[in-house]
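Reader: Hey, got a minute to walk me through this fold?
Author: Sure, let me pull it up.
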Amino acid sequence: MLIKESDMYEPIRKLLSEQGFIVRGEVKGCDVAAVKEGILWVVEMKLSANITLIYQAMARQMATDWVFVAIPRPRRANDGNFLSLKKLLKKLNLGLITVSIDSPTKHAEIIVFPDGKGDKVNKKSVTIRKELLGRTADTTGGISKSTINTAYRERCVRIACLLEVKGQLRGRDLVAFGCEKDTTVILQRNYLGWFNKVTRGIYELSSIGQDYLNENDTSSLVSYYRMKAHDIF
């Protein structure tokens with residue numbers, strides 16, 4: 001069976017969610033990011049332990065003390081390379097998670113905890129938290145070339161679904177329907193090309209935006225916001 005890095009995401013998400021974390025994949029370059037009571041955890045995944053994984057994890061320590069590397073579980077608990085990895089991670093103050101992706105009941109387990117002395121509050125950590133908490137839908141971690149549902153993209157999907165269902169609207173109308181206060185700025189800048197300006201202050205869904213909704217009509221994000229748009233009278 002071909003094993004992919006992304007196969008580790010769901011067991012890790014489940015493990016952290018059961019502990020009360022809000023978990024999202026592919027957040028600002030992090031494979032997995034999770035927040036609980038203001039504490040940020042970051043997990044970097046690889047199918048094998050290598051120097052790239054270690055470097056990535058050490059880079060994440062700029063944002064938080066709670067950084068883990070995740071790899072498939074070893075076949076033997078006394079595997080020499082695995083024992084050496086545990087020693088190295090402890091010296092670098094990095095955590096270790098193993099994932100049993102070779103088992104019918106896939107699960108993740110925390111093997112080593114980092115010595116988290118507190119959580120860092122700096123530009124990097126704030127940016128990751130803001131992106132994570134700004135998302136409703138999730139993106140599977142470990143799929144580097146997939147379209148990531150960023151908080152910005154999610155806001156655009158919400159606006160697009162409202163324009164699709166309600167027709168031409170002003171920014172203030174969209175805000176009244178529950179969109180954020182800076183919705184007019186999103187419409188004006190139109191980075192994704194999803195909106196057309198009809199006349200001053202009034203916008204409609206562009207063909208590019210409609211194509212995106214149609215191509216992703218079965219995704220949880222589009223389905224959710226289409227349903228919410230239809231529920232608004």
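Author: One term to begin with: two strands pair if DSSP finds at least two bridges between them. Helices (H or I, at least four residues) and strands (E, at least two) are DSSP runs, numbered from the N terminus.
Reader: Fine. Anything to know about the model itself?
Author: It's a predicted model, where local features need pLDDT of at least 70, side-chain atom pairs count only at pLDDT 80 or more, and totals for chains, interfaces and linings use all residues. Residues are numbered from 1 along each chain as its sequence is written, and side-chain values use heavy atoms, leaving out hydrogens and water.
Reader: What's the strand order in the sheet?
Author: The open sheet has 6 strands, ordered β1-β2-β3-β4-β5-β6, with mixed pairing.
Reader: And which strands stand at the edges?
Author: β1 (22-27) and β6 (108-112), each with a single partner strand, so one side of each has no neighbour in the sheet.
Reader: How many bridges join β1 to β2?
Author: There are 5, and β1 runs antiparallel to β2 (residues 30-36). Arg-24 sits opposite Ala-33 in β2.
Reader: Switching to helices: at what angle do α5 and α8 cross?
Author: Roughly 100 degrees, with the axes of α5 (residues 151-166) and α8 (residues 207-215) coming within 10 Å. Axes are lines fitted to C-alpha atoms, for helices over the stretch in contact, and angles run from 0 to 180 degrees between N-to-C directions.
Reader: Which residues meet there?
Author: From α5, Arg-153, Val-157, Ala-160, Cys-161 and Glu-164 meet Gln-210, Tyr-212, Leu-213 and Asn-214 of α8; contact means heavy atoms within 4.5 Å.
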